[in-house]
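Here are a few exercises to try with the sequence and the 3D view side by side. Have a go at each task before you read its solution.

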Amino acid sequence: MNLVVTLLLAILAILVARGRLLSFRAQSPADYAGTGPAFKMKEALNGEILSEGLIYGPNGKMSNSFVARMVGEWDGNTGTLAEYFTYSNGKEMARKWYLTLGTGNTFIATADDIVGEGKGTISGATVKLTYRIILPEDAGGHTLDVTDWMYLTENGVIMNRSEMRKFGIKVAELVATMRPAPETKAAHLNGANGYDSTTETRTVQ
């Protein structure tokens with residue numbers, strides 16, 4: 001009987017080690033130290049940002065999707081990132097991150113639904129952020145451990161991937177894009193001085 005228990009514990013230990021070494025959680029900021037473009041927080045998370053994402057449940061199937069508008073603002077080494085989400089199930093949500101750049105390549109992130117402080121590390125083209133989030137009551141009110149990675153691409157788009165865990169077990173995963181909103185420019189037409197005020201905020205792409 002003791003042999004069976006020992007074998008089961010050994011198998012469990014191997015599975016746990018495999019999950020940590022050969023999975024999303026196996027990444028470390030050092031893996032991306034030499035990558036580019038450099039993720040500069042005050043540039044990449046500044047101004048209006050548009051986001052689209054998918055949320056997967058514990059069974060690996062997509063459970064929800066969303067579109068979001070974000071607005072980043074900075075004053076020195078402190079900034080905010082306001083987020084406005086609209087989900088495919090019709091729910092809307094607004095929240096705000098408070099960001100503080102630290103020494104070296106570290107930063108702290110807080111929000112009303114975060115337990116304590118989130119710890120962030122900037123490395124090359126990436127950002128890693130770990131924190132504990134309290135879900136809304138209509139989503140169960142659970143407290144989840146989140147590992148959040150952002151990868152900056154050459155064209156300025158940020159690819160975001162997050163894992164959410166409860167008691168060490170993955171319960172959800174998020175994959176999203178974050179891209180700068182298109183600039184709006186005044187449209188000039190033939191007429192009075194070539195300017196048409198009715199199209200002042202027409203988006204030019």
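**Exercise 1.** Find out how strand β3 and strand β4 pair, and what lies between them.

*Solution.* Remember as you work that this is a predicted model. Start by locating β3 at residues 78-87 and β4 at residues 92-101. Next, look at their directions: the two strands pair in the antiparallel sense, over nine bridges. As a check on one position, G79 stands opposite L99 in β4. Finally, follow the chain from β3 to β4: the two form a hairpin with four residues between them. In that turn, G90 has a positive phi of about 95°.

**Exercise 2.** Carry on from β4 to β5 and describe the pairing.

*Solution.* Strand β5 covers residues 106-110. Four bridges join β4 to β5, and the strands run antiparallel. Here L101 stands opposite F107 in β5. These strands form a hairpin too, with four residues between them, and G104 takes a positive phi near 65°.

**Exercise 3.** Zoom out and work out which arrangement the strands β1 to β10 build.

*Solution.* Trace the order β1-β2-β3-β4-β5-β6-β7-β8-β9-β10: you get a closed barrel of 10 strands with antiparallel pairing. Neighbouring strands of this sheet are turned by 25° against each other on average, direction ignored. For another pair in the barrel, take β8 (residues 143-152) and β9 (residues 158-166), which are antiparallel over eight bridges. At one of these positions, L152 has I158 in β9 as its bridge partner.

**Exercise 4.** Which residues touch the most other members of the largest nonpolar core?

*Solution.* This core has 35 residues, and the ones to pick are F39, M41, L45, W97 and F107. Now select W97 and leave out residues up to four places away in sequence: its contacts include G79, L81, A109, I114 and Y131.

**Exercise 5.** Is I169 buried or exposed?

*Solution.* I169 lies in strand β10, residues 169-180. Its relative accessibility is 56%, and the cut-off for exposed is over 50%, so I169 counts as exposed. For its place in the fold, compare it with P58: the two are 111 residues apart in sequence, but 8.8 Å apart in space, C-alpha to C-alpha.

**Exercise 6.** Describe the largest pocket and what lines it.

*Solution.* Begin with the volume, about 940 Å³. Of the 43 lining residues, the closest to the pocket centre are I55, Y87, I133, M164 and L174. Then sort the lining by element: those giving two or more residues include β1 (47-56), β2 (62-75) and β7 (126-134). The largest share, five residues, comes from β10.

Methods: Residues numbered from 1 in each chain as written. Predicted model: local features only at pLDDT ≥ 70, side-chain atom pairs only at ≥ 80, totals over all residues. Heavy atoms only, no water. Pairing = 2+ DSSP bridges. Axes fitted to C-alpha atoms, helices over the stretch in contact; angles between N-to-C directions. Core = buried A, V, L, I, M, F, W, Y, C linked by side-chain atoms within 4.5 Å. Buried < 20%, exposed > 50% of the residue type's maximum accessible area, 1.4 Å probe, protein only. Contact = heavy atoms within 4.5 Å. 1 Å grid on protein atoms, 1.4 Å probe; cavity = no way out; pocket = protein on both sides within 12 Å on 5 of 7 lines; lining within 4 Å. Points joined across faces, edges and corners; volume = space filled by probe spheres on them.
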